[in-house]
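Student: Could we go through the terms used for this structure and see how each one is earned?
Tutor: Gladly, let's take them one by one.

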Amino acid sequence: LMLIMLENHGYDQIVGSPTAPYLNHLIARYGLATASYADTHPSLPNYIDIVSGSIQGITSDCADCSADAPQVVDQLQRAGIGWGAFLEGMPSPCYTGTGPLPYDKNHDPFVHAPHLVGDAAECAHVVPYSRLGPKLAGGTAPPFIWITPDVLHDMHTGSVGQSDRWLSEQLPKVLDSSWYAAGGAVIITFDEGVTDAGCCGGAAGGHIATVVVSAATPQGFRMATPVDDAGVLRTIEELYGLPFLGAAAQPSSGTLLPLLGRAAG
C-alpha cells in the first residue's frame, strides 16, 4: 500500500475542479471516499493521528514537540514487513531539522517520535523522496510506502494545479511498476480540510477528498460510509494483519477496504 499526503484543501475544492484534472481522472477511473474527514486542525496532529490513532496531545504545528506513541511503522517493523517513508525535499535520511523549505518537518510524523529517531535501523527507512524512483524501477520498493510531497507539490504553498501536475508526472511511474502489478494500491488523501466538518464521533478537521487507486477498485466507485484519519490507519492495519492502534480500534472510524475491493471487517 502507498499513502500520499496532500494538504489543506476541502472536498469541494478538488472533486470536480478543472484545476485538478489528473486527480479527477483518477476519481473517474478508480474510487473516491465521499464522506472522508480529517481529525482536526492544523496539519501536524492529523499526521500523528494517521500513524498512531491519536493526536497524542499535539494541537499545533510544533517543530520541536514529540509524540512518542507507537506508530504503524513500528508494527510493520516488528512484523518483518518492509516499509519506507519518502519525503520530498528532505536533506538526508532521518533528518530532524526544521528546514530548509520546501521540506516541512510538520508533514513528517516519523521524526516527531523519539523512539523511532533513536532506533537507527528503523529511522533508516525515513528517507528523501528521490530514493523511491530507483526502488520502483528496480523492483525493490517496500510493501508499505508513505509519501509526503514538498510544500510546493502538496498544495500547502503551491497551487492545486502544481500538485495535480506533480501527481500526473509521478503516479504513472508507480502504476507502471512491478510493485503495483504485484497488487499495490495507492491512497491519496489530505491532512485537513477548510472547515470544521467531521464524522465518526470526534473528527472535526473538514471534509476532504480521499482517492483510492487499485486494480481491485471498481471503476468510478463511490464509498459513502464515513471514514476519518484513524480509519485510514485502520485500513493499513487491516491490510497487513496488524493490531489496531488508538481510535483505529473503533469501528466508527471507518475503513477504506471497500474501495480496495474488500469487505469491511
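**A buried acid and two cavities**

Tutor: Let's start with Asp 74, found in helix 4 (residues 72–79); helices are DSSP runs of H or I with at least four residues, numbered from the N terminus. This is a predicted model, where local features need pLDDT of at least 70, side-chain atom pairs count only at pLDDT 80 or more, and totals for chains, interfaces and linings use all residues. Residues are numbered from 1 along each chain as its sequence is written, and side-chain values use heavy atoms, leaving out hydrogens and water.

Student: Why is Asp 74 said to have no salt bridge?
Tutor: A salt bridge needs a side-chain nitrogen of Lys or Arg within 4 Å of a carboxyl oxygen of Asp or Glu. The nearest side chain of opposite charge, Arg 78, is 5.3 Å away, so Asp 74 has none, although Asp 74 is buried (under 20% relative accessible area, 1.4 Å probe, protein chains only).

Student: What makes the pair of Gln 71 and Asp 74 a polar contact?
Tutor: The backbone nitrogen of Gln 71 lies 2.8 Å from a polar side-chain atom of Asp 74. A polar contact is a pair of N or O atoms within 3.5 Å, one able to donate a hydrogen and the other to accept it, so this pair fits.

Student: How many cavities of 30 Å³ or more are there?
Tutor: Two. On a 1 Å grid, a cavity is a set of points where a 1.4 Å probe fits but cannot get out. The largest has a volume of about 40 Å³, and helix 8 gives the most to its lining, with five residues.

Note on methods. Helix = DSSP H or I, 4+ residues; strand = E, 2+ residues; numbered from the N terminus. Buried < 20%, exposed > 50% of the residue type's maximum accessible area, 1.4 Å probe, protein only. Lys, Arg positive; Asp, Glu negative; His and termini not counted. 1 Å grid on protein atoms, 1.4 Å probe; cavity = no way out; pocket = protein on both sides within 12 Å on 5 of 7 lines; lining within 4 Å. Points joined across faces, edges and corners; volume = space filled by probe spheres on them.
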